[in-house]
Amino acid sequence: MRTSAASVGSAAFFVVAPGTVIGVIPWLITGWVLPNGGVLLRWAQAAGVVLIVAGLIPLIHAFAQFARAGGTPAPVAPTEHLVVTGFNRYVRNPMYVGLVLVILGQALLFRSPGLLAYAAIVWIAFATFVLLYEQPTLTRQYGDEYEEYKLNVPAWLPRLRPW
């Protein structure tokens with residue numbers, strides 16, 4: 001796939017998938033209504049904003065890496081070669097980790113127990129998808145290249161040094 005087509009595909013997938021997971025569903029849960037409160041709540045909200053930004057950075061960067069590699073993160077339009085650049089050198093699932101961080105940040109920002117529960121459900125869904133679909137598919141598609149990557153880069157907790 002050409003880089004321009006991959007960029008358009010990645011952007012479209014970004015709007016649909018993460019846009020729903022960290023946009024539409026949290027909005028349905030919270031209505032984007034910020035609670036009023038004292039200093040402690042404001043500190044929690046500030047920490048929430050930091051988590052949101054911290055989650056968006058690897059998410060957006062990983063999407064860009066897929067587009068540069070001539071594919072998308074969507075299973076229907078993968079890259080020709082395994083993407084092991086950027087945040088993928090630290091953790092195998094930077095997009096999923098980023099999405100969960102954003103939801104946790106939103107839970108703090110909106111003081112929402114519902115979003116905390118949603119973050120747990122999303123993480124369980126991601127972990128299940130990775131275990132049952134993504135890892136076997138990547139092993140079939142990329143073979144030894146993926147097996148070596150899997151041995152050297154953790155799935156959920158980032159390495160301290162890049163691989």
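Reader: What is the mean pLDDT of the protein?
Author: In this predicted model, local features need pLDDT (the predictor's confidence in each residue, from 0 to 100) of at least 70 and side-chain atom pairs count only at 80 or more, while totals for chains, interfaces and linings use all residues. Residues are numbered from 1 along each chain as its sequence is written, and side-chain values use heavy atoms, without hydrogens and water. Of the residues, 94% reach 70 or more, and the mean pLDDT is 91.

Reader: Which helix has the highest confidence?
Author: Helices are DSSP runs (H or I, at least four residues), numbered from the N terminus. Confidence is lowest in α1, at a mean of 82, and highest, at 97, in α3.

Reader: How are α3 and α4 oriented to each other?
Author: The axes (lines fitted to C-alpha atoms over the stretch in contact, with angles from 0 to 180 degrees between N-to-C directions) of α3 (residues 94-109) and α4 (residues 113-142) come within 8 Å and cross at roughly 170°. Angles over 145 degrees count as roughly antiparallel. α3 and α4 are therefore roughly antiparallel.

Reader: How many residues of the contact of α3 with α4 are nonpolar?
Author: The contact (heavy atoms within 4.5 Å) includes Leu 99 and Ile 103 of α3 and Val 122 and Phe 126 of α4. Ala, Val, Leu, Ile, Met, Phe, Trp, Tyr, Cys and Pro count as nonpolar, Asp, Glu, Lys and Arg as charged, and the others as polar. The contact has 1 polar and 1 charged residue, and its nonpolar residues number 15.

Reader: How are α4 and α5 oriented to each other?
Author: α4 and α5 (144-152) pack with their axes 6 Å apart, at an angle of about 130°. Among the residues in contact are Gln 135 and Tyr 142 of α4, and Asp 144 and Lys 150 of α5. The residues of this contact divide into 3 nonpolar, 2 polar and 4 charged. The angle falls outside the ranges under 35, 65 to 115 and over 145 degrees, and α4 and α5 are therefore oblique.

How values were computed
Helix = DSSP H or I, 4+ residues; strand = E, 2+ residues; numbered from the N terminus.
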